[in-house]
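I opened the notebook to look up the overall make-up of this model first, and then the positions that a database record marks.

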Amino acid sequence: MLKKYDYQSLKEEERQQLVARNTDPNNAIQDVVQDIIQKVRIQGDTVLREYAEKFDKVQLDKLFLDADDIDELAATIQRDQQRALEIAFQNIHRFHSTQLKRERTVETMPGVKCWREIRPIEKVGLYIPGGSAVLPSTLLMLGIPARIAGCKEIVVCSPPQSNGKINGFVAYCLKLLNIKRIYLVGGAQAVAAMAFGTQSIPKVDKIFGPGNQFVTKAKSIIQGLTNVSIDMPAGPSEVLVIADESANPAFVAADLLAQAEHGADSQAVLVATSTAIVDAVNTQIETQLTVLPRKELASRAIENSYAVTVGNLQEAIQFSNEYAPEHLILETDQWESLTRHISNAGSVFLGHLTPESAGDYASGTNHTLPTSGYARSYSGVSVDSFVKKITFQHINETGLQQIGSTVEILAELEGLQAHKNAVSIRTEQV
């Protein structure tokens, strides 16, 4: 059952403690990850094979699968499963293809033209989780915008299964994306391998993908340690559901459990306008849990979750903005009046018939989203994540005459004479 809290009874410090999650106060995770990163940096493929045996319980002759292996595995899944992946591919592609837009040139003053041009990040690394659940949908969510952006090299890493391969669903997604190699490496070691490069795995410019706390910590450390950037901190999954008297408790419970079954470190939060709603949802959680194949994991996540009762929907949005959820679901008839008040959320699901699962798989939006409160400052993955926008400017004779004295004065007041001279030497000759 969800633990219960009353919003109006909570002090500021208590609210801050309540919204905090996936912290590492004793640096236990950081110490482990730093050790892994250092070993991968020095030992490369050798230690990757050792980690595969230690963590994935498999001995690998090679650290990758090529096109022939991928084709063989992709052929093992049924046609209806292939079709479902194709529909998801089409919807995700359709939504993301609108994001690549050329911007217009702006003449900021006569003779001074400025513009931006899009360039793809050349080498990107995609991490596809494969621990307690294999996620082919994540491969689509990352691979499609990478393809639309035009990235020249797409490196994919995912943990091997017990047979030393990947499953057919991931293989079929690789075929849809025209990616002809996948590296059999998981966890923090995969992040390190893509950041530094090994004998088998190429070094990349930017690393994408969700993962557990070890993967997320590795991405954060790598970003500070190297010139490799990351998409965002995307750790254990989370959902916050706002529900009022118009909500269906069975729907709410199903949405909470859909997030809880990801893993024991996932969090599902209910913000309700009455204790009666919380009680009804708790009853539904107990009923629905019994039939879930992953009920043990989901139960542990529910133990790590809670419900908050609020006086009205405005308070509910206020708490949600403090929490900054990865996924926000508004299970209320009044969702249209609430959306403009949402300031912190990764992705929002509106109304009673919009389950978060739709966004996870096939509606078209991206499911790689900021977690642990990072939705306060990060957006989810998009085509923009895979490109750089380079500024250009051109100044002609008229423009130099127009802007020259302004630049000279500003350079002089900052005490940067060479900056001033770079303008003066030109104005003297035109």
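The entries below go from the whole chain to the annotated residues.

Entry 1, ground rules. I am working with a predicted model, in which local features need pLDDT of at least 70 and side-chain atom pairs count only at pLDDT 80 or more, while totals for chains, interfaces and linings use all residues. Residues are numbered from 1 along each chain as its sequence is written, and side-chain values use heavy atoms, with hydrogens and water left out.

Entry 2, the whole protein. I found 17 helices and 15 strands, taken as DSSP runs (H or I, at least four residues, for helices; E, at least two, for strands) numbered from the N terminus. Of the 430 residues, 49% count as buried, that is, under 20% relative accessible area with a 1.4 Å probe, protein chains only.

Entry 3, the record. I looked up UniProt, whose unreviewed entry places the feature "active site" at Glu326 and His327; such annotations may be inferred rather than shown by experiment.

Entry 4, Glu326. I located Glu326 in the loop between helix H13 (313–323) and strand S13 (327–331), and noted that Glu326 is buried, with a relative accessible area of 5%. Its side chain and that of Ser237 are joined by a polar contact of 3.0 Å (a pair of N or O atoms within 3.5 Å, one able to donate a hydrogen and the other to accept it).

Entry 5, His327. I placed His327 in strand S13, where His327 is buried at a relative accessible area of 2%. Leaving out residues up to four places away in sequence, the contacts of His327 (heavy atoms within 4.5 Å) include Ser237, Glu238, Glu356 and Asp360.

Conventions:
Buried < 20%, exposed > 50% of the residue type's maximum accessible area, 1.4 Å probe, protein only.
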